[in-house]
Amino acid sequence: MIVFAALFAAAASPSAARAECYLESVASPQEIAGGWTIHEDLRIVKQVDSAAYEQGGGGNWFVDRETTTLPMCSVFDDLGGYSLRSYMLQPVVTKSQVKICKATADGGSVPFVPADAKPRPADTAYEVYPSFDRPYAGSCPPASPAPDSVPD
């Protein structure tokens with residue numbers, strides 16, 4: 001019964017377990033000894049932010065972000081060729097609080113840019129970089145959402 005409960009908890013909460021790629025699950029010991037390798041690529045496939053809220057004093061604004069990551073396990077043969085034995089794991093969902101605006105000395109707020117933020121290069125004509133994990137580009141304080149319009 002305890003094993004069943006643990007399996008149910010892991011299935012119900014994908015963020016509870018860390019997904020990992022294992023070469024042993026798709027290649028024989030001889031292939032692994034011969035040079036087969038595996039590379040795990042964690043791709044963000046979805047990010048959803050909550051409505052902005054103020055916390056910790058006037059001017060500090062946050063959103064709650066839910067990020068869905070898809071672990072992709074790329075298998076390569078002994079010559080470095082991509083193998084059709086590559087596979088994906090179940091999506092992993094994580095939740096975090098993200099600061100979008102920071103308070104200023106005069107009581108206002110300005111966009112908060114984390115030290116490790118990677119802005120989109122200005123010369124990129126098309127969206128070739130993921131739109132995820134980019135600095136907040138909205139106004140500070142955040143504009144409140146428009147009220148829902150009622151159709152006539």
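1. Two strands are said to pair when DSSP finds at least two bridges between them. By that rule β3 and strand β4 (residues 87-88) form a pair, since they are joined in the antiparallel sense over two bridges. Within this pairing, Met72 stands opposite Met88 in β4. The structure discussed in this note is a predicted model, which should be kept in mind while reading each of the points below.

2. It helps to begin with the overall layout. The protein chain contains two helices and six strands, and, read from the N terminus on, these elements follow the order α-α-β-β-β-β-β-β. Among contacts with a separation of 6 or more in the protein chain, 57% are between residues 24 or more positions apart.

3. The surface of the chain can be described by two totals. Of the 152 residues of the protein chain, 20% count as buried, while the area that the chain exposes comes to about 10,900 Å², with carbon and sulfur atoms supplying 60% of it.

4. Strand β3, which covers residues 61-76, deserves a careful look, for 12 of its 16 residues are buried and the strand is mostly covered. One of its partners is strand β1 (residues 37-49), which runs antiparallel to β3 and is joined to it by 12 bridges; in this pairing Asp49 stands opposite Arg65 of β3. When you follow a strand such as this one in the viewer, remember that in a regular strand the side chains alternate between the two faces of the sheet.

5. Strand β2 (residues 53-54) is also antiparallel to β3, and two bridges join these strands, with Trp61 in β3 serving as the bridge partner of Glu54. Together β2 and β3 make a hairpin with six residues between them, and in its turn Gly56 has a positive phi of about 75 degrees.

6. On to strand β5 (residues 92-103), which is joined to β3 by nine bridges, again in the antiparallel sense. Two positions can be checked directly in the model: Thr68 stands opposite Val93 in β5, and the bridge partner of Asp64 in β5 is Gln97.

7. Which residue in the loop between β3 and β4 may be examined as an example of the loop's surroundings? Leu84 lies in that loop, and Leu84 counts as exposed because its relative accessibility is 83%, where the cut-off for exposed is over 50%. Leu84 and Ser74 are 10 residues apart in sequence, and their C-alpha atoms are 8.7 Å apart in space.

8. Strand β5 has a further antiparallel partner in strand β6 (residues 109-111), to which three bridges join it, and here Cys101 stands opposite Pro111 in β6. These strands form a hairpin with five residues between them, in which Gly107 takes a positive phi near 95 degrees.

9. How many disulfides does a search of the whole structure find? The search finds two. As a reminder, a disulfide is a covalent bond between the sulfur atoms of two cysteines. If the bonded cysteines of the protein chain are numbered in sequence order, the pairing reads 1-2, 3-4.

10. One disulfide joins Cys21 to Cys73, with an S to S distance of 1.9 Å. This pair links distant parts of the chain, since Cys21 lies in the loop between α1 (2-12) and α2 (29-33), whereas Cys73 belongs to strand β3, 52 residues apart. The link of Cys21 and Cys73 is left-handed, with -75 degrees about the S-S bond, and both Cys21 and Cys73 are buried.

11. Cys101 and Cys140 form a disulfide as well, with their sulfur atoms 2.0 Å apart. This pair, too, links distant parts of the chain: Cys101 is in strand β5 and Cys140 is in the segment after β6, 39 residues apart. The torsion about the S-S bond of Cys101 and Cys140 is about -80 degrees, and the disulfide is therefore left-handed. Cys101 and Cys140 are buried.

12. A last detail concerns the backbone beside Cys140. The peptide bond from Cys140 to Pro141 is cis, with omega near -5 degrees, and Pro141 has its place in the segment after β6.

Conventions. Residues numbered from 1 in each chain as written. Predicted model: local features only at pLDDT ≥ 70, side-chain atom pairs only at ≥ 80, totals over all residues. Heavy atoms only, no water. Helix = DSSP H or I, 4+ residues; strand = E, 2+ residues; numbered from the N terminus. Buried < 20%, exposed > 50% of the residue type's maximum accessible area, 1.4 Å probe, protein only. Contact = heavy atoms within 4.5 Å. Areas by Shrake-Rupley, 256 points an atom, 1.4 Å probe, with all protein chains shown as cover. Disulfide = S-S within 2.5 Å.
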